[in-house]
Amino acid sequence: MIKRGIRIAGLALLALLVYLAAGAALPFIRQPEMSRETAEQFEETEFYGDETGNERAALLTENGEALAERIRLIEGAQERIILSTFEFRSDESGKDVLAALLTAADRGVSVRVIVDGFPAFKDLQLPDDPYFQALAAHENAQIAIYNPVNPLKPWKLMGRLHDKYLIADDAAYILGGRNTYDFFLGDYEGYKNYDWDVLVSCEEPGSGESVNALLDYFSGVWELPLCRIWKDDPKLLEKERVAAAGEELRERYAARKEEHPDWFEPRDYEESTREVNRIRLLSNPTHCYAKEPAVFYAMTELMKSARREVRFHTPYIICDDWMMERLKEVCDSVDSVAMMTNSAANNGNPFGAMDYEKNRDEILETGVEVLEYDGGISYHGKCFVMDDRLSGIGSFNWDMRSAYIDTEIMLIIDSAEINADMRREMGEYEAKALTVTGEGEVLAPEGMTPQTPSPKQRILTALLGIFAGWARFLM
């Protein structure tokens, strides 16, 4: 009887795993095509401005600078703050941001935070984290979870919120690829990723075209039925650990003011930002099911219109046949097209490393010049430049998940000055990159020795290729 019970339990567990795996994967096996209606809405001229607009922009290239600018925006807010992030941890930089948000709520500012459901579930932080509870229970703050994990509905498990932006008082925002924790923000010890943000400001609150577009986008996501408000209960503040966490955050904020007074000083945006002609927001559909590839289509349509050159960066590249054909069309239309991605040894995403090793020759056949970043720290940047005017920066990786599954946003900026800044900063990374030859070999810059994957990396890559290669559309 005992053995029979064990067998039944084992079969039931196996059936559950099959149900979860099949339910999660099957809805995304077939990738939607671009609808004629969406394709016809694209108009290249809408991304350019004939004269200087009323918004200005500046790149945020360093992790320390990115944290300081977030604190500065929150500190200066008088009416409302909106934070959207894929992942938010209560580590050192995460607590810095939480402390700033809680202090803003204390002074009467409306605070809304939205995070993706999978990291919240995976890290087991939001369910009982007292620091997040201290913020969520505040009368002036709300935290929402996009598509909370529900094992009973596996067909919804893969739909993720990948957007990352912070808006203050409808007058300024930061948008890019950085999540809200130590890998991406601050100068704290430990593992790091390199990434990009852009700061955008407008002359008067509510007067910026892209600010208003981003606010509309946020409202559309916040009001989705699949978003759930989390722990909106003032009684949580009666719990000792939650009250203590809130007090710790307030003390942390006061300490940061003493240690880093420059974080809290108002910024002269006229002095520290660049003129722009126009800024447009690209976004995928916001539901949690398979999506038509709106952002990828628009980006590649723009790239095909370049007169001389396109350069783009992506942490990893995982393309289906249609995406590869689109890349080939860009290369056939433009004299010079170059891509920088992580080398297999430098890639922080083992799935991306595995797929790149397997498909590098096919990528080269499109005609793109391939550079492999090999600087020792995983590169997480998602950006591009076209000729000497347009630049793009945001959350979109060149992979099937970003194209067809996740919410994604990219900011397209028409500014010769921002374009020049982007080229210079991109060149800093490219100077530490390997050049892949037509024969698939790599040439290293003088004095640089290419990394070799560790035995652990090689074993993991091989195993993923055997057991997970079929799921590349989910990676």
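Colleague: What volume does the second largest cavity have, and what makes it count among the cavities of this structure?

Modeller: The second largest cavity has a volume of about 40 Å³, and the structure, which is a predicted model, holds six cavities of 30 Å³ or more. The word cavity is used because a 1.4 Å probe fits at such points but cannot get out.

Colleague: Which residues line the second largest cavity, and how do you know how they divide by class?

Modeller: Its lining is made by Asn147, Pro148, Val149, Asn150, Lys153, Lys156, Leu157 and Arg160. Pro, Val and Leu count as nonpolar, Lys and Arg as charged, and Asn falls among the others, which are polar, so the division is three nonpolar, two polar and three charged residues.

Colleague: What is the volume of the largest pocket, and why is it called a pocket rather than a cavity?

Modeller: About 1200 Å³ of space lies in the largest pocket; the name is pocket because the set of points is open, with protein on both sides within 12 Å along at least five of seven lines. Of the 45 residues in its lining, Phe86, Phe118, Tyr316, Asn349 and Met475 are the closest to the centre. By class, that lining has 25 nonpolar, eleven polar and nine charged residues.

Colleague: Which helices each supply at least two residues of that lining, and which gives the largest share?

Modeller: Helices α1 (2-25), α5 (117-122), α12 and α13 (400-404) each supply at least two, and the largest share, four residues, comes from α1.

Colleague: How do you know how α3 and α4 are oriented relative to each other?

Modeller: Helix α3 (residues 63-76) and helix α4 (residues 92-106) pack at an angle of about 10°, with their axes 9 Å apart. Angles under 35 degrees count as roughly parallel, and α3 and α4 are therefore roughly parallel to each other. In this contact, Leu67, Ile71 and Ile74 of α3 meet Ser93, Asp96, Val97, Ala100, Leu101 and Ala104 of α4, and the residues divide into seven nonpolar, one polar and one charged.

Colleague: Helix α4 also packs with helix α8 (residues 240-259); what makes the description of that pair what it is?

Modeller: The angle between α4 and α8 is about 100°, and their axes lie 8 Å apart. Angles of 65 to 115 degrees count as roughly perpendicular, and α4 and α8 are therefore described in that way. Among the residues that meet are Glu92, Lys95 and Asp96 in α4, and Arg250, Arg252 and Arg256 in α8; by class, the contact has six nonpolar, two polar and eight charged residues.

Colleague: How are α12 and α15 oriented, and why?

Modeller: Helix α12 (residues 350-365) and helix α15 (residues 455-467) pack at about 75°, with their axes 9 Å apart. With 65 to 115 degrees as the range for roughly perpendicular, α12 and α15 are therefore roughly perpendicular to each other. Here Pro350, Phe351, Met354 and Glu357 in α12 meet Leu460, Thr461, Leu464 and Gly465 in α15, a contact of five nonpolar, two polar and one charged residues.

Colleague: Which strands are the edge strands of the sheet that includes β2 and β5, and what makes them so?

Modeller: That open sheet of nine strands has the order β8-β4-β3-β2-β5-β6-β7-β1-β9, with mixed pairing. Its edge strands are β8 (227-230) and β9 (274-275), each of which pairs on one side only. α3 packs on the sheet, touching β1 (55-60), β2, β5, β6 (172-176) and β7 (197-202), and its direction makes about 150° with that of β6.

Colleague: How do you know that β2 and β5 count as paired?

Modeller: Strand β2 (residues 80-85) and strand β5 (residues 165-168) pair in the antiparallel sense over four bridges; at least two bridges are needed, so the criterion is met. One of the bridges has Ile81 with Ala168 in β5 as its partner.

Colleague: And how do you know that β19 and β20 pair?

Modeller: Strands β19 and β20 (residues 442-443) have two bridges in the antiparallel sense, and because at least two are required, they count as a pair. The bridge partner of Val436 in β20 is Val442. β19 (residues 433-436) also runs antiparallel to β14 (residues 369-373), to which three bridges join it; in β19, Leu371 has Thr435 as its bridge partner and Tyr373 has Ala433.

Colleague: In what order do the strands of that sheet lie?

Modeller: Nine strands form this open sheet in the order β10-β18-β16-β15-β11-β13-β14-β19-β20, and the pairing is mixed. β10 (278-283) and β20 are the edge strands, since each pairs on one side only. Helix α7 packs on this sheet, touching β10 and β18 (409-414), with its direction at about 20° to that of β10.

Methods. Residues are numbered from 1 along each chain as its sequence is written. This is a predicted model: local features need pLDDT of at least 70, side-chain atom pairs count only at pLDDT 80 or more; totals for chains, interfaces and linings use all residues. Side-chain values use heavy atoms; hydrogens and water are left out. On a 1 Å grid over the protein atoms alone, a cavity is a set of points where a 1.4 Å probe fits but cannot get out, and a pocket is an open set with protein on both sides within 12 Å along at least five of seven lines; lining residues have an atom within 4 Å of a point. Grid points are joined across faces, edges and corners, and a volume is the space filled by probe spheres set on the points. Axes are lines fitted to C-alpha atoms, for helices over the stretch in contact, and angles run from 0 to 180 degrees between N-to-C directions. Angles under 35 degrees count as roughly parallel, over 145 as roughly antiparallel, 65 to 115 as roughly perpendicular and the rest as oblique. Contact means heavy atoms within 4.5 Å.
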